[in-house]
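Please look through the structure shown here with its strands and its side-chain contacts in mind. The paragraphs that follow take the strands as a starting point and then turn to pairs of side chains.

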Amino acid sequence: MFTVFKGIKPHIQSLNPVNLILLMMACSVLQANPLHAATQPSTNNNIFGDWVINTPERITLLQLNRNSSYLHLELNLTTPQDSVAEWGRLDLQSTDAHFIPSYSNNAQQGLVAYQFEHPQLNMMLTSLSLQLALTIDTNADSIADEQHHYNLTTNQSVYGVWHQLSTPALSSLVLLDNGYYAMVNINLHQDPQANEHVAHLQWGRFELHQNQLTFEPVFNSHPQHTSKLPSTSPNMVYQPNKQQLTLSFMGKGNLNDIEMNQQYER
């Protein structure tokens, strides 16, 4: 559910690349997979988990992790090119939330866009049972201008958010019980001078038949980097006791196609 209390959010103009880089550098880059970082203390433990807003126009997912990281996805079903994959750090003081984005495939949308458009931005996170409210005060006047209502999505069977922990990159697979999927791959630790940082988002529909997934992509932010994602029909092995998901598919080797395995964990 999405509520706007004051008008419509205006169009964000093209961003200065220098300002974008400075904002992204506000979050220090970790030296290992960011999901391995130490858990940080918090006074609002009920907010952690996978939260979803599901409407006919848009699917929004906000994963809040105990290591103070967050993953924000917006799958725009009507205008796919406006979709967002954003990764960063969350500074949480009681209910006051400060999202510090590190990487985004689309800095004119998502949480990062608020940072540019509203310098006096205040955000609050409050949870009640299976719901999360993100309240946005755009000009620090203690009046709520927007409020987003998320529902907790339970990790049942293969559905939920999966991460590859064996790679220094951020590589995530989201399988939603409404038949939509998203893949995110961010090459966190490569030298941007030699190989630019890329926040790669692909999403679409999927079907599951026994041990085989079939992906039908709708949007791909970086088609030239598709080789880093599983093929459209990988075999799947789900181990509920270990909470592990393994995808096997044929990938491109130096000379021939080779079998590749990607292992994901909750």
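In this predicted model, strand β2 (residues 49-54) and strand β3 (residues 58-64) run antiparallel and are joined by six bridges. The two strands form a hairpin, with three residues between them, and within this pairing Asp 50 of the hairpin stands opposite Gln 63 in β3. Strand β2 also has a second partner, since two bridges join β2 to β9, again in an antiparallel arrangement; here Trp 51 has Leu 152 in β9 as its bridge partner.

Strand β3 leads on to a contact between charged side chains. Side chains of opposite charge can pair when their charged atoms come close. The structure holds one salt bridge, and it is formed by Glu 74 and Arg 58, whose closest N and O atoms are 3.0 Å apart. Because Glu 74 lies in strand β4 (residues 69-76) and Arg 58 in strand β3, this salt bridge ties together parts of the chain that are 16 residues apart in sequence. The two partners can also be described by their accessibility: Glu 74 has a relative accessible area of 10% and is therefore buried, whereas Arg 58, with a relative accessible area of 30%, is partly exposed.

What remains is the aromatic side chains. A pair of aromatic rings is described by the distance of the centres and the angle of the planes. The structure holds five aromatic pairs, and one of them is formed by Tyr 159 and Phe 206, whose ring centres are 6.4 Å apart and whose planes stand at 50°, so that the pair counts as tilted. This pair links distant parts of the chain, 47 residues apart, because Tyr 159 is found in the loop between β9 (146-152) and β10 (160-163), while Phe 206 belongs to strand β13 (residues 199-209). Tyr 159 has a relative accessibility of 31% and so counts as partly exposed, whereas Phe 206, at a relative accessible area of 9%, is buried.

Strand β13 takes part in another of these pairs, that of Tyr 180 and Trp 203, which is likewise tilted because the ring centres lie 6.2 Å apart with their planes at 50°. Tyr 180 lies in strand β12 (residues 180-186) and Trp 203 in strand β13, so the pair ties together parts that are 23 residues apart in sequence. Both Tyr 180 and Trp 203 are buried. The ring of Tyr 180 has a further contact, as the charged end of Arg 205 sits over this ring, 4.3 Å from its centre.

How values were computed:
Residues numbered from 1 in each chain as written. Predicted model: local features only at pLDDT ≥ 70, side-chain atom pairs only at ≥ 80, totals over all residues. Heavy atoms only, no water. Phe/Tyr/Trp six-rings, centres within 6.5 Å; stacked < 30°, edge-to-face > 60°. Helix = DSSP H or I, 4+ residues; strand = E, 2+ residues; numbered from the N terminus. Buried < 20%, exposed > 50% of the residue type's maximum accessible area, 1.4 Å probe, protein only. Lys NZ or Arg CZ within 6 Å of the ring centre and 35° of its normal. Pairing = 2+ DSSP bridges. Salt bridge = Lys/Arg side-chain N within 4 Å of Asp/Glu carboxyl O.
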